[in-house]
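Hi,

Here is the structure I promised to pass on. Have a look at it first, and then read my notes below.

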Amino acid sequence: MPSLSEEQINKEVMDLHKAIYEKFNYEMKYIRPPMGEFSEKSINTTNSLGYKTVMWSFAYQDWNEDKQPSELDAKKKILDNVHNGEIMLLHGNSKTNTNILGDIIKEIKNMGYEFKSLDEFK
């Protein structure tokens, strides 16, 4: 995002906003800068569009479809890093994540944690 013009940021964000609204009837209001890369310009532009920028507190190398971690390694990495207030970034294109997500959610709940939406933290 930092290398894009304000116009390009606006177009990319609003095209996505429109597609999500049309498909799911959901008004997006949070944004995670791709790759965590941002600038004062990109933050100001997305703020002007009504978005709040939210970063993650945990991520691991799950995005490369050609280098997926084993399910056992992924579970260990995720569960060993669970913490209060965590915003976990898991990429949806990860087959490993798809396979383990249900187990991960159950295990994290068994650890005494609960899942909440960002709106519940206002």
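Before the notes, one definition: the axes I mention are lines fitted to C-alpha atoms, for helices over the stretch in contact, and the angles are taken between N-to-C directions, from 0 to 180 degrees. Also, please keep in mind that this is a predicted model.

Let me start with the whole chain. The secondary structure amounts to 4 helices and 4 strands, and going along the sequence you will meet them in the pattern α-β-α-β-β-α-β-α. If you draw a box along the principal axes, the C-alpha atoms fill roughly 45 × 35 × 30 Å. The chain has 122 residues, and 25% of them are buried. About 8,700 Å² is exposed, with carbon and sulfur atoms supplying 51% of that. I also looked at contacts between residues at least 6 apart in sequence: 59% of these join residues at least 24 apart.

Now for the pair of helices I spent some time on. Two packed helices are described by the angle between their axes and the distance between the axes. Here, H1 (residues 6–24) and H2 (residues 40–48) pack at about 45°, and their axes are 10 Å apart. How do H1 and H2 lie relative to each other? Angles from 65 to 115 degrees would be roughly perpendicular and those under 35 roughly parallel, so this pair counts as oblique. The crossing of H1 past H2 is right-handed.

Which residues make the contact? On the H1 side they are Glu6, Ile9, Asn10 and Val13, and they meet Lys41, Ser42, Thr45 and Thr46 of H2. Sorted by type, the residues of this contact come to 2 nonpolar, 4 polar and 2 charged.

Two residues are worth a click. The first is Thr46, which sits in helix H2. Is Thr46 buried or exposed? Its relative accessibility is 2%, and buried means under 20%, so Thr46 is buried. Leaving aside residues up to four places away in sequence, Thr46 touches Met1, Ile9, Val13, Ile31, Tyr51 and Thr53. Ile9 and Val13 in that list also belong to the H1 side of the helix contact.

The other is Lys11, which lies in helix H1. Lys11 has a relative accessible area of 52%, and the cut-off for exposed is over 50%, so Lys11 counts as exposed. From the C-alpha atom of Lys11 to that of Glu40 is 18 Å, and these residues are 29 apart along the chain.

Cheers

How values were computed. Residues are numbered from 1 along each chain as its sequence is written. This is a predicted model: local features need pLDDT of at least 70, side-chain atom pairs count only at pLDDT 80 or more; totals for chains, interfaces and linings use all residues. Side-chain values use heavy atoms; hydrogens and water are left out. Helices (H or I, at least four residues) and strands (E, at least two) are DSSP runs, numbered from the N terminus. Buried means under 20% relative accessible area, exposed over 50%, partly exposed in between (1.4 Å probe, protein chains only). Angles under 35 degrees count as roughly parallel, over 145 as roughly antiparallel, 65 to 115 as roughly perpendicular and the rest as oblique. A crossing is left-handed if the near helix is turned anticlockwise from the far one by less than a right angle, and right-handed if clockwise. Contact means heavy atoms within 4.5 Å. Ala, Val, Leu, Ile, Met, Phe, Trp, Tyr, Cys and Pro count as nonpolar, Asp, Glu, Lys and Arg as charged, and the others, Gly among them, as polar. Accessible areas come from the Shrake-Rupley method with a 1.4 Å probe; for residues, only the protein chains shown count as cover.
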